Amino acid sequence: MTSFRWYLVDALIRWLVDNGCVPHIVIQCDLPDVEVPQEYVKDNRLVLNVSGQAVSNFSLGPHGIDFDARFDGVPRHVHAPAGAIVSVHAKGSTVGVNLEPELPDAEEKTTPTQRTKRARDSRPKLTIVE
């Protein structure tokens with residue numbers, strides 16, 4: 001059975017936005033396949049604003065979370081598997097959910113190149129049938 005975590009994270013982010021809150025996530029940065037600006041990590045965790053005004057190219061799915069954001073004015077890419085998302089909450093509020101880190105299965109570990117190839121291979125293809 002696939003993990004439900006990304007569904008839960010997605011629903012919480014949407015719910016917070018629908019209620020006029022600014023959604024933040026916390027990523028556990030010492031897990032495999034986490035790609036974040038390490039200079040902003042404190043105690044192996046990074047708090048990120050994932051509102052539409054703060055990020056671009058936002059994607060959340062079974063692969064995890066991907067987006068581009070600015071850190072001190074410098075554009076950076078962020079990627080983390082869904083299991084590395086350990087909290088979703090509203091800025092300045094106690095509203096939210098904390099989760100335990102979830103290690104990926106060995107077959108789920110991928111490199112950025114493998115993720116790109118998998119996404120490219122999963123696109124529909126047209127073939128000529130004679």
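**Figure 1. The whole chain, and how distant parts of its sequence meet.** Residues 24 or more positions apart account for 53% of the contacts with a separation of 6 or more in this protein. Keep in mind that you are looking at a predicted model. Its secondary structure amounts to 2 helices and 7 strands. If you walk along the sequence, the elements follow the pattern α-β-β-β-β-β-β-β-α. Of the 130 residues in the protein, 38% are buried.

**Figure 2. The largest nonpolar core.** Which elements supply at least two residues each to this core? The core itself has 29 residues, and those with the most contacts inside it are I25, I27, V34, V36, L48, F67 and V88. The elements that each supply at least two residues are α1 (5–18), β1 (23–28), β2, β3 (55–61), β4 (64–71), β5 (74–80) and β6. Helix α1 gives the most, with 5 residues.

**Figure 3. A closer look at I25.** Having met I25 among the core residues with the most contacts, we can now look at its surroundings. Leaving aside neighbours within four places in sequence, I25 is in contact with I13, L46, V47, L48, V50, I65, I85, S87 and V88. Two of these partners, L48 and V88, are also on the list of core residues with the most contacts. The C-alpha atom of I25 is separated by 6.6 Å from that of N49, even though these two residues are 24 places apart along the chain.

**Figure 4. N49 in strand β2.** Try finding N49 in strand β2, which covers residues 45–49. Is N49 buried or partly exposed? Its relative accessibility is 28%, so N49 counts as partly exposed, since that class lies between the 20% limit for buried and the 50% limit for exposed. The side chain of N49 reaches the backbone nitrogen of S51 at 2.8 Å. Not counting residues up to four places away in sequence, N49 touches V22, P23, H24, A54 and V55.

**Figure 5. H89 in strand β6.** Strand β6 spans residues 85–90, and H89 lies in this strand. Which side chain does H89 join through a polar contact of 3.2 Å? The partner is the side chain of S87. Setting aside residues up to four places away in sequence, H89 touches L16, V22, P23, H24, V26, V47, V95 and G96. Three of the residues in that list, V22, P23 and H24, are also touched by N49.

**Figure 6. An open sheet of three strands.** In what order do the 3 strands of this open sheet lie? The order is β3-β4-β5, and the pairing is antiparallel. Strands β3 and β5 are the edge strands, each pairing on one side only. Neighbouring strands of the sheet are turned by 15° against each other on average, direction ignored.

**Figure 7. The strand pairs within the sheet.** How many bridges join β3 to β4? There are 5 bridges between these antiparallel strands. For one example, look at V55, whose bridge partner in β4 is A69. On the other side of β4, 7 bridges join β4 to β5, which also run antiparallel. Here you can find D68 standing opposite H77 in β5. The hairpin of β4 and β5 has 2 residues between the strands, and D72 in this hairpin takes a positive phi near 50°.

**Figure 8. Aromatic rings that pair up.** The count of aromatic pairs comes to 3. One of them joins Y40 and F71 in a tilted arrangement, with 5.2 Å from centre to centre and 35° between the planes. Y40 lies in the loop between β1 and β2, whereas F71 is in strand β4, so this pair ties together parts that are 31 residues apart in sequence. Y40 is partly exposed, with a relative accessible area of 27%, whereas F71 is buried at 10%. Is the pair of F58 and F67 stacked or tilted? The ring centres of F58 and F67 are 6.2 Å apart and the planes lie at 25°, so this pair is stacked. F58 counts as partly exposed at 34% relative accessibility, while F67 is buried with a relative accessible area of 0%.

How values were computed
Residues are numbered from 1 along each chain as its sequence is written. This is a predicted model: local features need pLDDT of at least 70, side-chain atom pairs count only at pLDDT 80 or more; totals for chains, interfaces and linings use all residues. Side-chain values use heavy atoms; hydrogens and water are left out. Helices (H or I, at least four residues) and strands (E, at least two) are DSSP runs, numbered from the N terminus. A polar contact is a pair of N or O atoms within 3.5 Å; within protein, one must be able to donate a hydrogen and the other to accept it, and residues adjacent in sequence count only if both atoms are side-chain atoms. Contact means heavy atoms within 4.5 Å. Buried means under 20% relative accessible area, exposed over 50%, partly exposed in between (1.4 Å probe, protein chains only). A nonpolar core is a set of buried Ala, Val, Leu, Ile, Met, Phe, Trp, Tyr and Cys residues joined through side-chain atoms within 4.5 Å. Two strands pair if DSSP finds at least two bridges between them. Axes are lines fitted to C-alpha atoms, for helices over the stretch in contact, and angles run from 0 to 180 degrees between N-to-C directions. Rings of Phe, Tyr and Trp (its six-membered ring) pair if their centres lie within 6.5 Å; planes under 30 degrees apart count as stacked, over 60 as edge-to-face and the rest as tilted.
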